[in-house]
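Please open the model in your viewer and keep the selection tool at hand. The tour goes from one selection to the next.

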Amino acid sequence: MSISIAAVIPLYNGAPFIADALRSVLNQTRPPDEVIVVNDGSTDEGPGIVEEIARHHPVRLLNKPNGGQSSARNLAIRETACSHIALLDQDDLWYENHLALLQRPFLDGDIRRLGLVYGNLDQIDRGGRLIAECCLDQVPTSHPKRSLQQCLEHDMFILPGASLVERQAMLDAGLFDERLSGYEDDDLFVRFYSMGVRSRFLDTAVTMWRIYPQSTSFSARMAKSRMIYFAKLIEAHPDEPRLGLYWRRDVIAPRFAKILRNEFVEASRAGDWSRVERAWADLKTVAPYMKSSVQTRMKLLGPLINATLAGRLPSLSRRLLRHTLR
């Protein structure tokens, strides 16, 4: 069996990082068959940097109005004829054996309906300095996923930039949801699992994942996307009392409540009141799907939390919230 691989990089105002990202793609021991950069309406010199590199290397630059990372990825996936897609964010880097390692399970052909192979990753800072090795060893979920509950109870922690994905499986699943600018990867891979598309995890770091305060992981856009994804999961996975399955009450709502509680606490400690108020508003959206005891405490203590927020009393508001969600 042979496969062809398209490397896909969405670009939006990524001038400080795009050259290094592209070099990590072009220096692969198993070169990609196609390299596509999608300029998603950048206003900086990033596209010019790509054009200069493309003068000397086989890099294809597509241009589109700004529509978000999901739309940029989808454009490239539709454009390529390669059988597999290797995604990379503009500020991340591949190790030189990234593609060579990730393609092996596809070439072996011993997993039925294999659609996704992904690896571990090392964390780096804005300057490229190593912060932590094999970050997935520290997350509260197993790899690969063996049940729908494992897909829903925590963030998936399947980084697209550490993955090789069958293109047809992506098309069959409907590609990335273009409303999402965060959680679009979780959303796609949950759909993969529901469709019976299998995955394989390689417990070796294949990618350098760059995290810094200005990255999209900390943006208001991410917070908005989180709640769109929450609504999608709530709609797709109703509670089924006759089967003893309470996807909303026991799995989905507690997961997002925990994320939002942490967001509330961190933002209040930082004095970021707009972020605090957003987290609190989102918690009130999640609460109706939680256990009745939490709903009752929300009704009783919600007005007190509102008052502490209005009075800028972060310590008291945090204590009240912890008591409400216990």
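Which residues of strand β4 (residues 84-87) are buried on one side and which on the other? H84 and A86 are buried on one side, I85 and L87 on the other. Buried means under 20% relative accessible area, with a 1.4 Å probe and protein chains only. Strands (E, at least two residues) and helices (H or I, at least four) are DSSP runs, numbered from the N terminus. In a regular strand, side chains alternate between the two faces of the sheet.

This is a predicted model: local features need pLDDT of at least 70 and side-chain atom pairs count only at pLDDT 80 or more, while totals for chains, interfaces and linings use all residues. Residues are numbered from 1 along each chain as its sequence is written, and side-chain values use heavy atoms, leaving out hydrogens and water.

Next, add strand β1 (residues 5-11), which pairs with β4 in the parallel sense over four bridges; strands pair if DSSP finds at least two bridges between them. Here A7 stands opposite A86. Then add strand β8 (residues 163-166), antiparallel to β4 and joined to β4 by three bridges. V165 in β8 is the bridge partner of I85.

Now select M170. Its contacts (heavy atoms within 4.5 Å), leaving aside neighbours within four places in sequence, include I85, L87, V165 and F192.

Finally, show the largest nonpolar core, a set of buried Ala, Val, Leu, Ile, Met, Phe, Trp, Tyr and Cys residues joined through side-chain atoms within 4.5 Å. Of its 97 residues, those touching the most other members include L22, M170 and F192. Helix α9 (residues 247-270) gives the largest share, ten residues.

Conventions:
Buried < 20%, exposed > 50% of the residue type's maximum accessible area, 1.4 Å probe, protein only.
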